[in-house]
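Hello,

Here is the structure for your files. My notes on it follow below.

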Amino acid sequence: MEDYKGLLFKILRSFAQNTFDQDDLFQEISLQLWRSIPQFKGEALAKTWIYRVALNTAIKWKRDEGKHRSSLTHSEGLEYLIQKKQSPPNPRIAWLYEEIAQMNKIDISLCLLLLDGFNYAEMAQLLGISESHVGVKIHRIKQHLIQKSKAHVSSGI
Amino acid sequence: MSHPEFEEIQQIWDTQDPDAGYEVQIPELTQKIQKKARFASNILIFSELVLIFANLLGACTILLYSSAPDSGYIIALAILMFIGAAYIVFEKIKRIYLEKRFPKSLLGSLEQAIAQMQVQIRLTQVMRWYILPLGLLTILAAWNKQTSSWVFLCILFFFILGWRGGAWEKRLYVRKKKELLSLKAQLLRER
């Protein structure tokens, strides 16, 4: 968990936008990873395996409306499994995550894989679709982000 | 196809240090995960075993302790409950088999989840229709024994409750299956 928490946090920020939802999704992903360990036979890199399980969980995850507690704060004694550290805000990163979060879940998955350096073959294998299909989707995602970046002057791009 | 503008976006992404944003409470996480995992796998196994056991116990009780064990309705009811138990065992084996059948990819996982939802929908439908002959035979067996009207009403009430509960459960699984199909369509869509 310690070695790959950075990867998981990127997925959390992309699929869930408030602390409670991120905590809820983090628990679901951790649970699925724990249950999938016996099936991991080392035929893929650990990073690929973690990405597959985490994305699988994230695209099927739904925000639990009944347990929404975003109005509660830490000072009210609510225990979160992930705690946000105080760090200087990065508006460009924040903008990028906002744009990613507005995509549909499949495009979010592809975008994360693209930005994290997976090649088309790896993405195709992870997703179960052809490389040409990956190429078409990636091209569309890139065009979309470039258009958005041109429209968003304050992002500094 | 290279996009110079996209390289700038990639640079923004690469400059982030995601570890700096969050800390994980590892001991609490471990505890929660172990507890959730035990509960999730136990609840599914438990509910299947309860259904199988309830049908078998019900059938045996009816045959052994009924005051009219040779009544046609009693025998038919017992046979139906044995068949019900056998069907649930069959669906359980099918569900376990499905878990191993699909490739390990996002698409494979979606297809597995869709197939499992279909199994759940079919099981709910069959169990719902199963309530009809079960209810009818129970009422006929009770009528044969000249049971009071209150008992009839209670029997009717519980079977109606079971019927409505089955409808609600089926709607839930159908909704989940639709969501999964939509995700699969998004994944396979070219544009």
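Of the 191 residues in chain B, 37% are buried, where buried means under 20% relative accessible area, exposed over 50% and partly exposed in between, with a 1.4 Å probe and protein chains only. This is a predicted model, in which local features need pLDDT of at least 70, side-chain atom pairs count only at pLDDT 80 or more, and totals for chains, interfaces and linings use all residues. Residues are numbered from 1 along each chain as its sequence is written, chains are lettered from A and ligands numbered from 1 in the order in which they are written, and side-chain values use heavy atoms, with hydrogens and water left out.

Chain B contains 5 helices and 1 strand (DSSP runs numbered from the N terminus: helices are H or I with at least four residues, strands E with at least two). Their order along the sequence is α-β-α-α-α-α. The accessible surface of chain B is about 12,000 Å², and carbon and sulfur atoms account for 67% of it (Shrake-Rupley method, 1.4 Å probe; for residues, only the protein chains shown count as cover).

Two surface patches turned up in chain B. Patches are made of residues with over 30% relative accessible area and no salt bridge, joining like charges within 9 Å and nonpolar side chains (Val, Leu, Ile, Met, Phe, Trp, Tyr) within 5 Å. A salt bridge is a side-chain nitrogen of Lys or Arg within 4 Å of a carboxyl oxygen of Asp or Glu.

The nonpolar patch consists of Leu56(B), Leu63(B), Leu64(B), Ile75(B), Ile79(B), Phe82(B) and Ile83(B), together with about 610 Å² of accessible area. Helix 2 (26-65) and helix 3 (72-101) of chain B each supply at least two of its residues, and helix 3 gives the most, with 4. Ile75(B) lies in helix 3 and counts as partly exposed because its relative accessibility is 36%.

The positive patch brings together Arg164(B), Arg171(B), Arg175(B) and Lys176(B). Lys and Arg count as positive and Asp and Glu as negative, while His and the chain ends are not counted; each charge is placed at NZ of Lys, CZ of Arg, CG of Asp or CD of Glu. Lys176(B) sits in helix 5 (residues 149-188) of chain B and, at 39% relative accessibility, is partly exposed.

In chain A, 48% of the 157 residues are buried. Helix 1 (residues 5-15) of chain A has 10 of its 11 residues buried, so it is largely enclosed by the rest of the structure; among them are Leu7(A), Phe9(A) and Ile11(A).

Regards
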